[in-house]
2 protein chains.
Amino acid sequence: MGFSWTVTSRFGHARTGELQTPRGTVETPAFMPVGTQATVKAMTPEELRSIGVGMILSNTYHLYLRPGTEVIARAGGLHRFMNWHGPLLTDSGGFQVFSLGEMRKVEENGVTFRSHIDGSTHFFSPEIAVEVQGILGSDIIMPLDHVVPYPASYAETEDAMWRSIRWARRSMDYHQKREEQALFAIIQGGMFNDLRRTCSRELMEMDFPGYAIGGLSVGEPKTLMYRVLDAFVQELPEDKPRYLMGIGSADALLEGVKRGIDLFDCVLPTRIARNGKAMVGEGYLVLRNAGFAHDMSPIDPGCSCYVCQNYTRGYIRHLIKANEILGHRLTTFHNLYFLTDFMRAVRRAIQEEKFDAFYQQFWERFDGSPEE
Amino acid sequence: MGFSWTVTSRFGHARTGELQTPRGTVETPAFMPVGTQATVKAMTPEELRSIGVGMILSNTYHLYLRPGTEVIARAGGLHRFMNWHGPLLTDSGGFQVFSLGEMRKVEENGVTFRSHIDGSTHFFSPEIAVEVQGILGSDIIMPLDHVVPYPASYAETEDAMWRSIRWARRSMDYHQKREEQALFAIIQGGMFNDLRRTCSRELMEMDFPGYAIGGLSVGEPKTLMYRVLDAFVQELPEDKPRYLMGIGSADALLEGVKRGIDLFDCVLPTRIARNGKAMVGEGYLVLRNAGFAHDMSPIDPGCSCYVCQNYTRGYIRHLIKANEILGHRLTTFHNLYFLTDFMRAVRRAIQEEKFDAFYQQFWERFDGSPEE
């Protein structure tokens, strides 16, 4: 089986492709829903499959702390534990650990941190991150990286970037299961174009099967993120998949695809769903608003998902106001369907050489407020 | 279409039957899951149907307060609002209002109470309860009744019983949509056998299409509840369905069926599910317990439900510990499947004249602790 990625069509910098993994093929560009704690919140694996989700992401940091690798090893790996038998990507825990702020201490060998659950002390090294992901058995794994906050100084960003590069090398050297698990690189370098280019080149020399872009979508304006991407993405190898981490709004997915990105993940669609915010072609509906109480139309009249075929805005608003689990389920289902369907449309536009028109029509309709 | 109930088989006092409603037929004895706020917590209507649920219950009190009858009227009734197109029973709100304690005041004309949501003042009379349920459009409706707590004095219980009888008469006089909605009586009388018998006789004289038993399962020992039932249930008409309100444990369902009860409802299976307690043939599994962390067997190895076919105790325990919605979903699905399947087996045992053996085998296996 093994791992490969093949370009199937191009339009400008945008491309479609087929990502082969030991657990099936994923059409790219693709959005990966996030299953932080071995579950995409409020969804079953069957529902994800019914929507057309190709690959999901889970979090090494969270699973290492709870339920712990021993439980997942006993279950026969993360796929069997959570009953998701399709392709699965795990991040290294770098982003989570460095988000802990005062609760972690970084040294060259690795990072010591305290659990957000019980305050207990733990140590992650690049080798441990690979080891843990080996036990999880994910199809694509990530090296431990040093993520800096936004904004960060040039010196701090550069220091973390070089550490991330050294850690990527150590991860690659330690990684054994190359046929079963593809280890991607993570490009760091903050908002500094020259650091992004340097980091890309250093990692490209090591020849990874895929290149992730970390340290973006960390609070900077979207326009700045797009400018940073413009500075280096075209230098990445044409024949390797590119994964922009932490992106989950339709507009940013589209802008990423336009710049040649193939994979995305984000908690955005599931998190805003639980706050009663629904994704539609025009942007977002805040279903809590009183104006929807008597609204007997579906979330998105143009949507063909289970939720839009069966439930009204007024009913879903009631569920959300009453804090009912079904409210979380219905909005989550719709949002994930919306993004998955959006990516299907994006792929079709590239394949049919209509991406320019698709892009323009999207922006004529879309008004991104209020995203958060 | 209209409403009817036909006995299809008997074994001792137990009986099977077919309850016809304008929205389909329900095989009895049946357990009705509770959808307090126009949703059976954590479940979709499709999932309820897939399990074999025949009829569900919803709460007039809760729906009247939120989203309000105007919203549900606008949606075309409760069935369309919540996307449940099968038979639906609503209670009158009596139990909820009288559970408010200091927040309500009863007079002969009706009861004034304050909303548990925002403290606003409302008034319910027997006529208003029928009116509201007319707007909801449920297939079986309940008259407003005066429920006393446990324990209650003879005088207090008798007073409330006579008021409930007078209110039942007023409800019947006010009720117009007799072809579309069946109005059941509710027998009160607390733990006093003579009051139960008096109440039954008074209500039977008015000739209702079904008889509910209220004011039990309010904190009294189960053995006392069974003794109260023994005092009057056999005096109820043989050809009318009997509905024991607020019962949802397998043992009490079985004891009720044995005494000739046909319908039951309770939040028990869904409420304990959200606390991580699962129903099995032996009683209950407290899935939060550490002992289940490494348990890779299904909740109930003998169960053929979706959850038991796909998920382990260890995984579900993890979801519950991590407070994941999917944990609530899986335990709720299993518990409702368990009770629905249990009632299927009960009906089969009666039809096949094996109810005695079924009853004995149940009690050889069942250990009801820890129920709560």
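Two strands pair if DSSP finds at least two bridges between them. Helices (H or I, at least four residues) and strands (E, at least two) are themselves DSSP runs, numbered from the N terminus. A word on the model before we set off: this is a predicted model, in which local features need pLDDT of at least 70 and side-chain atom pairs count only at pLDDT 80 or more, while totals for chains, interfaces and linings use all residues. Residues are numbered from 1 along each chain as its sequence is written, with chains lettered from A and ligands numbered from 1 in the order in which they are written.

Let us start in chain B, with an open sheet of three antiparallel strands in the order E1-E2-E3. Strand E1 (4–11) and strand E3 (24–28) of chain B form its edges, each pairing on one side only. On average, and ignoring direction, neighbouring strands of this sheet are turned by 15 degrees against each other. Strand E2 (residues 14–21) of chain B is joined to E3(B) by five bridges, and B:Gln20 faces B:Thr25 in E3(B).

Now look for helix H14 (residues 325–351) of chain B, which lies across E1, E2 and E3 of chain B and runs at about 120 degrees to E2(B). Angles run from 0 to 180 degrees between N-to-C directions, with axes being lines fitted to C-alpha atoms, for helices over the stretch in contact.

Finally, turn to where the chains meet: 30 residues of chain A are in contact (C-beta atoms, placed from the backbone, within 7 Å) with 30 residues of chain B. On the side of chain A that touches chain B, H13(A) provides the largest share, five residues.

Methods:
Two residues are in contact if their C-beta atoms, placed from the backbone, lie within 7 Å.
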